[in-house]
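Student: I would like a close look at one part of this predicted model, namely its cysteines and the question of disulfides. Please take the reasoning step by step, and then turn to a few local features of the backbone and side chains.

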Amino acid sequence: MFLRPKTYTARYPQWMVGRPLLYMSSALASLGDAMFGYGQGSIASAQVQPSFIYRMFGKEVTMAQIQAGQTGVDPFTQAVTVSCLNLTALLASFIAAYLCDLLGRRMSVRIGGIMYFIAALIQIFAPNLGALIAGRCIQGLGVGILSMTVPILQCEIAPAHARGLFVGIEYICLNIGYAVSAWVGYGFFFAMPSEISWRGPYIVQAAIALVLIFWTFFLPETPRWLAQNGFQKEALVTLADLHGAGNVSDPKILATYAEIVAAVEFEAHMGQASWRQLFTQYTRRCIVGITCQMFAQLNGINAILYFLPSNLTRAGFTISRSLLYSGACALIYCSGTIPAMFLIDKFGRRVFLLFGSVALAASLSIVGGLQYYADTLPLGSARVSAADAIFFGVCLYLFFFGATWGPGPWLLGAEIFPLRARAKGMSLSTGTNWLFNFIIAFITPPLFNTINAGYYFVLVGFCIISFVVVWFIYPETAHHTLEDLGEVFGDKVMDDEGPAREKAQMSANAIQRERSGLPVITDSEVTLQPSMSTAPTAKDEVSIIMKERSSVITIQSDV
């Protein structure tokens with residue numbers, strides 16, 4: 001198509017080549033997820049501020065009325081305000097499947113960042129509820145694009161043995177975004193009664209978006225997308241810059257490059273997967289991709305996060321104490337991701353998800369039981385001890401979610417689909433997340449209003465179901481390259497990769513000769529002479545000194 005890039009230019013400075021480029025690319029691309037986490041926290045803290053409630057819902061309330069849950073705001077209006085973002089994110093996640101394949105991963109990240117910046121400006125100056133909802137809808141477009149693209153980018157630049165670490169980096173950035181928003185919201189709370197108390201956090205959101213947009217001009221494209229779109233030379237160079245300190249003759253780099261090209265050529269022969277093929281040819285992968293994100297929401301995370309200050313206020317804390325404890329919960333949430341970053345590649349995805357289902361069910365049972373008890377007590381000091389215990393239960397829940405069902409589904413969705421179906425597969429998985437994110441955000445206010453603490457036990461039931469589904473359906477995907485996962489899921493794999501790998505090796509050699517200033521040897525210029533004796537074939541050592549990037553590369557060729 002005419003929008004597909006015709007050229008590719010790497011703009012990152014040479015001093016970053018190697019591990020600095022790899023980890024900076026991972027961390028800064030993850031700002032996209034950090035902005036989503038930040039958005040969760042900013043709307044949560046705004047909902048307990050009198051000036052926000054008056055501006056958006058036209059209700060004059062006191063702090064005491066908010067603490068008692070007597071704001072007069074219609075629960076369904078509140079639900080629409082919070083959940084509208086999720087609907088547009090659902091739409092954008094499917095659009096991003098085409099953007100990601102057509103324009104590339106880094107351009108998709110840039111577009112998502114721009115959407116986020118525009119949304120932040122609208123919400124900073126929002127005069128009424130309509131403008132706020134419009135801003136959140138545009139923000140949802142940015143969130144949907146980023147949440148689909150960033151995990152793919154992470155998995156495609158990560159070493160095979162460290163995909164869990166890199167998606168863990170992404171998820172801890174999401175959690176850090178939520179933590180920052182919680183503490184920013186707590187800090188601006190003391191600017192009351194001025195409206196800067198809830199508009200201020202959106203100014204910080206706009207600044208984060210600008211940092212992401214700026215970085216996309218230096219972010220490298222993924223080697224797999226480059227190879228798939230005709231940039232073979234750039235794919236090898238980028239792969240070497242990310243994993244080989246710029247040395248294109250590193251045997252490991254050449255082996256990985258050959259594997260990528262072999263997979264690209266095989267999948268090009270098969271063509272891009274259609275949506276129908278996604279379900280018929282990769283059925284088990286689709287089930288895993290859909291259910292992992294479905295249970296990530298049904299296990300209750302956004303029922304907790306979107307309404308955390310409100311839930312803590314309901315438990316018995318004052319509003320200022322609820323905002324302070326929300327910040328503390330956010331730090332616990334972040335710390336939970338650390339075990340996953342370093343252990344999910346070692347112990348595997350299944351172990352983490354199974355343990356997570358049990359731990360989340362136990363934590364929610366604690367919170368639900370204590371909330372039942374707290375509801376029998378009068379408001380005030382009598383509830384403080386029960387509220388402290390509920391806070392402890394919420395911290396347990398957030399730690400275990402951050403370690404298991406938080407990063408796990410994003411990792412699985414990005415890694416389980418083959419290259420020809422990766423964008424559509426991740427779009428399907430991410431779209432499921434946003435659909436159930438919307439459902440949870442929409443039903444939580446009225447359900448809390450109707451069945452109170454009983455809602456926590458509904459979420460416990462989903463945790464138990466998620467354990468059963470993982471046990472019987474999910475294979476282990478750790479310790480495999482992206483190209484090898486077809487065997488794990490029982491898909492048809494390449495019958496003979498030899499010719500493709502040989503061609504990839506010749507392509508790598510040609511790039512090496514071109515970079516050294518030597519003429520490229522074509523297939524027609526190479527002839528093989530039959531052996532004239534029974535003696536072993538002689539090996540001629542051919543040394544090519546490549547002074548590019550101050551490295552010397554020695555290539556051996558058999559004659």
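Tutor: What follows begins with the cysteines and then moves to three other sites.

In this predicted model, the number of disulfides comes to zero. A disulfide is a covalent bond between the sulfur atoms of two cysteines. For Cys329, the closest cysteine sulfur belongs to Cys395 and lies 3.9 Å away, which is too far for a bond, because a pair counts as a disulfide when the two sulfur atoms are within 2.5 Å. Cys329 is itself buried, since its relative accessibility is 0%, and Cys286, with a relative accessibility of 2%, counts as buried as well.

A second site is Phe355, which belongs to helix 18, spanning residues 349-375. With 47% relative accessibility, Phe355 counts as partly exposed, and, once neighbours within four places in sequence are set aside, Phe355 makes contact with Phe400 and Thr404. Between Phe355 and Ala403 the C-alpha to C-alpha distance is 9.8 Å, although 48 residues separate them in sequence.

Two loops carry the remaining backbone features. In the loop between helix 8 (163-189) and helix 9 (196-215) sits Pro193, and the peptide bond that leads from Met192 to Pro193 is cis, its omega being near 10°. The loop that joins helix 21 (422-451) to helix 22 (454-473) holds Asn452, a residue that is not a glycine and yet has a positive phi of about 50°; its relative accessibility of 36% makes Asn452 partly exposed.

Definitions and conventions: Residues are numbered from 1 along each chain as its sequence is written. This is a predicted model: local features need pLDDT of at least 70, side-chain atom pairs count only at pLDDT 80 or more; totals for chains, interfaces and linings use all residues. Side-chain values use heavy atoms; hydrogens and water are left out. Buried means under 20% relative accessible area, exposed over 50%, partly exposed in between (1.4 Å probe, protein chains only). Helices (H or I, at least four residues) and strands (E, at least two) are DSSP runs, numbered from the N terminus. Contact means heavy atoms within 4.5 Å.
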